[in-house]
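Got the viewer open? Here is a short tour, one selection at a time.

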Amino acid sequence: MGKLHKILDLSSTERNFLLKTLILMAFIRLGLRFLKFQNLLKLLKKISQLQKNSSERMSKDTVKHTVTVRKIIWAVNVVTRYMPGVKCLARALTTHVLMKRYGHTSNLQIGVAKAESGNLEAHAWIEYQEKIVIGNLSDISRFIPLPSLEGIKL
């Protein structure tokens, strides 16, 4: 009941943004499960286009300031707590889409490492202004980043 009170205490704008983040993360989780990764990336590219207010044209600078990076990170972290089983790739993709949508430049990183057992492990994270803002691990340096997906033709 305490978690519900915390959500109810938020402003309607914050609750609305959390709901949008929840829907996006659920969509991404389903997409990761049922779509080819390339097809999911195509859809996410369309979703991540800068948001425009339908009643008036907004400049990129105006859109950028409507939702801060801090608010996006907060929303992704809150939604993750309420959605069990969310993996790093879904969190990173959700953050990346929201940051692009609201005019913030981020870098989606996917890295691989060999575990002690010999198995290959992967991890995804988001960098903003050269700092990891989603997906930081104490041993993240063991993951070797793969080439960026940004230049890949979809």
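Before you click on anything, keep in mind that this is a predicted model.

**Stop 1: a pair of helices.** Select residues 12-34, which make up helix α2, and then add residues 37-47, helix α3. How do the two pack? Their axes sit 9 Å apart, at an angle of about 160 degrees. Anything over 145 degrees counts as roughly antiparallel, so α2 is roughly antiparallel to α3. Turn the view to look at how they cross: α2 passes α3 in a right-handed crossing.

**Stop 2: a greasy spot on the outside.** Stay with α2 and pick Ile23, which lies in that helix. Is Ile23 buried or exposed? Its relative accessible area is 53%, and over 50% counts as exposed, so Ile23 falls on the exposed side. Now add Leu19 and Leu22 to the selection. Together with Ile23 they form a nonpolar patch on the surface, with about 260 Å² of accessible area between the three of them.

**Stop 3: a loop with unusual backbone angles.** Jump to β2 (120-128) and β3 (131-134), and zoom in on the loop between them, where you'll find Gln129. Glu130 lies in that loop too. What should you check here? Look at phi. Most residues other than glycine have a negative phi. Gln129, though, has a positive one near 50 degrees, and Glu130 comes in at about 65 degrees, also positive and also not a glycine. Switch on the surface and look at their side chains: Gln129 counts as exposed at 60% relative accessibility, and Glu130 counts as exposed at 81%.

Methods. Residues numbered from 1 in each chain as written. Predicted model: local features only at pLDDT ≥ 70, side-chain atom pairs only at ≥ 80, totals over all residues. Heavy atoms only, no water. Helix = DSSP H or I, 4+ residues; strand = E, 2+ residues; numbered from the N terminus. Buried < 20%, exposed > 50% of the residue type's maximum accessible area, 1.4 Å probe, protein only. Patch = residues over 30% accessible without salt bridge, like charges linked within 9 Å, V, L, I, M, F, W, Y side chains within 5 Å. Areas by Shrake-Rupley, 256 points an atom, 1.4 Å probe, with all protein chains shown as cover. Salt bridge = Lys/Arg side-chain N within 4 Å of Asp/Glu carboxyl O. Axes fitted to C-alpha atoms, helices over the stretch in contact; angles between N-to-C directions. Parallel < 35°, antiparallel > 145°, perpendicular 65-115°, else oblique. Left-handed = near helix turned anticlockwise from the far one by under 90°.
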